Structure formats: C-alpha cells, structure tokens
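Please work through the exercises below with the structure at hand. Each task is followed by a solution in steps.

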Amino acid sequence: MLTKRWNIHQENPDYQAIREAAELLRDGRTVAFPTETVYGLGADATNEAAVSGIFRAKGRPEDNPLIAHVATKEQLRSLVSTLPSVAEKLLDQFTPGPLTVVLPSNGVCAGNVTSGLSTIGVRIPEHPVARELLKACDIPVAAPSANISGKPSPTTADHVWEDLNGKISGLVDGGSTGVGVESTVVDCTQDVPIVLRPGGITKEQLKAAVGSVMVDPALANTEESPKAPGMKYTHYAPEVPMWLVAGTPEDLQAIIDREQDGQKRIGAMVSTATADKLQADRVIQLGSDLREIAASLYDALRIFKNGDVDLIVCETFPQTDIGQAIMNRLKKAATSYVDK
Ligand code: TXA
Ligand code: MG
C-alpha cells in the first residue's frame, strides 16, 4: 500500500492537505495524525471494515478496545447512552485535552471499536491539526497510538513512518506532539470516576475537579511487582533490554561499571541533573523536569537500536504529577526492575 504523507505547519495549516486526509478517512482508509499526546492511527469509527484496517496495520490484539476521537462535546454525546454529570464536569474542565472518558456506548460506533464491550472510550483532542482533521471529516475517528503493537508510542511523524509506512493510507506530519504520554483514561460509568491509565491529566487535577477519584487496583499492583521474564517486550519496548533502577546516580554508575566490565555496552536514560554525574557508552538526557521527561520519553526509547548498546539503564522518577504516567510506562517497558 502506498502511504501518502503530508507536512502541515501547526501555525499555518494547509487546509487542502487536511481535506485530502479527511476524504481518505471518510472513504474507510487508515490515516495517522498528530494529537497533543502521541500520534494516532485513525479510521472511521462507524465503519467496521475500516476499523479492522487499524488492527491489521498495528498487529493489535482484537480484544483491546480503541478510543473514539471527536471534535466537540455534542459529537461525543452522540456516541454514548448517558453522560453522567461527573463526566460532564471532567470534560468541561479538561477537554479539549489529554483525557479519555469511558462511558456506556449507544452502539453508533462499530463493534470492533469497543471490542464488544458495553462501554466506549471517547476523547476530544486539543492538537490544532487533530481538531481541523476531525472537523473536516465530521465522523468519529477511532485511533489507537500509531505504532506497531508492543513498540513505544510515536511522538513524531518519523516514528510513525518507521513502523507503518506501506501499511496505512496516509500520514499527516504535524511535527512533534506536546505532552508525550497518552491521555488519562477515566472510567465514568460508576459514581466515583476510576483512573484506568495515568496520563496527561494527573490524579490530583481530577480530584481538584470532582472530589473523589479512585485508581484501578491493577495499576497499584505493578508498583511492587518486578517484571516476570515472560512479560518481556510486551509494551513500549525498546529494541534492547532495559533495567529500571531505583537508586542514586552513584548506584546507577556502579551498575553501569559492573556491566561494562562484563563487556556490555551501556546506554543510560536519565534526567539532565543525573546525566552530569554519569558516564556510559551513550547517555540520553530526558530533560530537567517531569513534563520535559514525559515529552522526550518515547523518542528516547526508540533511539537505542540493536547492535548500538547491549543494555539500557534508566533511572526512576517521582510518582508525582505526570511522573505517575512516566513510571507506569517505564515499568511496562523495562525487562527488570532493580531496587537498590
Ligand atoms: O492519548 C491517547 O489516548 C492516544 C491518542 C492517539 O489519542 N491514544 C491511545 O490509544 O493511547 P491506545 O489504543 O493506544 O490506548 C487506549 C487505551 C487502551 O489501554 C485501551 O484498553 C483503553 O484505552 N480503552 C479504550 N476503550 C476502553 C473501554 N471501553 N474500557 C476500558 N478501557 C478502554
Ligand atoms: Mg497504544
């Protein structure tokens, strides 16, 4: 399949390119586009065959539901059977933006969008290119992250191209995304909203808006459980093994020195402050605060290629603010969790 690529400047969008991309979506084809979190791989959410194209291109398991993207709250309302007041509050406060609400589906979207569940995840993205595209096609667009299943999510069009060139109909290149980790997924079908996936909107922000918020117990469990060997390379995985190390820069250096003595070439993924104190074969600086670290995380996970280094050593970060999402993704990406 030939993948058409358009370059769009956020400040001065090329409406002709957006119209062409929208036309492909309306025609039942798959088109990748930028959002403020990560690039999404879109298809008409009301067209089952079109949505199948997403699962095929990504190699995604069919039992993992997709998020429907819409331009407005009215359009969101047209996909759900009820909009509880708590969901409405969250939407009013945080959207357009990196929040996905899970609500009872009314069946307008195709069955494979929700993987047969009675609920649907819906989000109104904030990225100007995503908004223009959604307005131009005027259909709900199902869109998971535009990566091959299991790999880190894409934060640039080149990441998408690396994974999906030849497998999708179009790619709208709108530059780098902003937040860098995916939207916060919040189940709003109960009285108290439940965070299913930490993301761009933090638990503290949600609590400030609606009072009580719960967190899916499955998220808390990953806190203490180190990766089982069989769980390797299932999510966000770089090409080489990665150890997530809780400890001081000196602890990290001791591990790097030991592994280098064992003839391994080591890549380090650390904050700017830690980078100043470390030596490794390659050091990737993620940034000086949690927001910067989130924005550069997935690019860093894609930088290390097979044959480049043998092992990545990554430091841990405080689980405050967007640090919750960062640590959630790093734990899934790591092959081992080392607690000094
Ligand atoms: O920021 C984002 O959310 C990006 C951009 C492209 O919008 N999209 C994204 O989609 O991350 P995806 O498919 O990679 O992740 C969607 C997550 C999955 O963990 C999925 O299981 C969950 O949302 N999800 C979707 N619908 C759901 C539902 N009805 N109930 C529970 N979880 C749901
Ligand atoms: Mg994904």
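**Exercises on ligand 1 and its pocket**

The shell around ligand 1 consists of twelve nonpolar, eight polar and four charged residues (Ala, Val, Leu, Ile, Met, Phe, Trp, Tyr, Cys and Pro count as nonpolar, Asp, Glu, Lys and Arg as charged, and the others, Gly among them, as polar). The model is predicted: local features need pLDDT of at least 70, side-chain atom pairs count only at pLDDT 80 or more, and totals for chains, interfaces and linings use all residues. Residues are numbered from 1 along each chain as its sequence is written, chains are lettered from A and ligands numbered from 1 in the order in which they are written, and side-chain values use heavy atoms, with hydrogens and water left out.

**Exercise 1.** Determine which residues are closest to ligand 1.

*Solution.* Step 1: a residue is near a molecule if one of its heavy atoms lies within 4 Å of it. Step 2: 24 residues surround ligand 1, and Thr-37, Asn-64, His-69, Arg-123 and Ser-183 are the closest.

**Exercise 2.** Find polar contacts of ligand 1 (pairs of N or O atoms within 3.5 Å).

*Solution.* Step 1: the side chain of Asn-64 places an N or O atom 2.7 Å from an oxygen atom of ligand 1. Step 2: for Arg-197, a polar side-chain atom is 2.9 Å from an oxygen atom of the ligand. Step 3: Thr-119 has a polar side-chain atom 3.1 Å from a nitrogen atom of ligand 1.

**Exercise 3.** State which strand gives the most to the shell around ligand 1.

*Solution.* Step 1: strands (E, at least two residues) are DSSP runs, numbered from the N terminus. Step 2: β6 gives the most, with four residues.

Technical notes:
A polar contact is a pair of N or O atoms within 3.5 Å; within protein, one must be able to donate a hydrogen and the other to accept it, and residues adjacent in sequence count only if both atoms are side-chain atoms.
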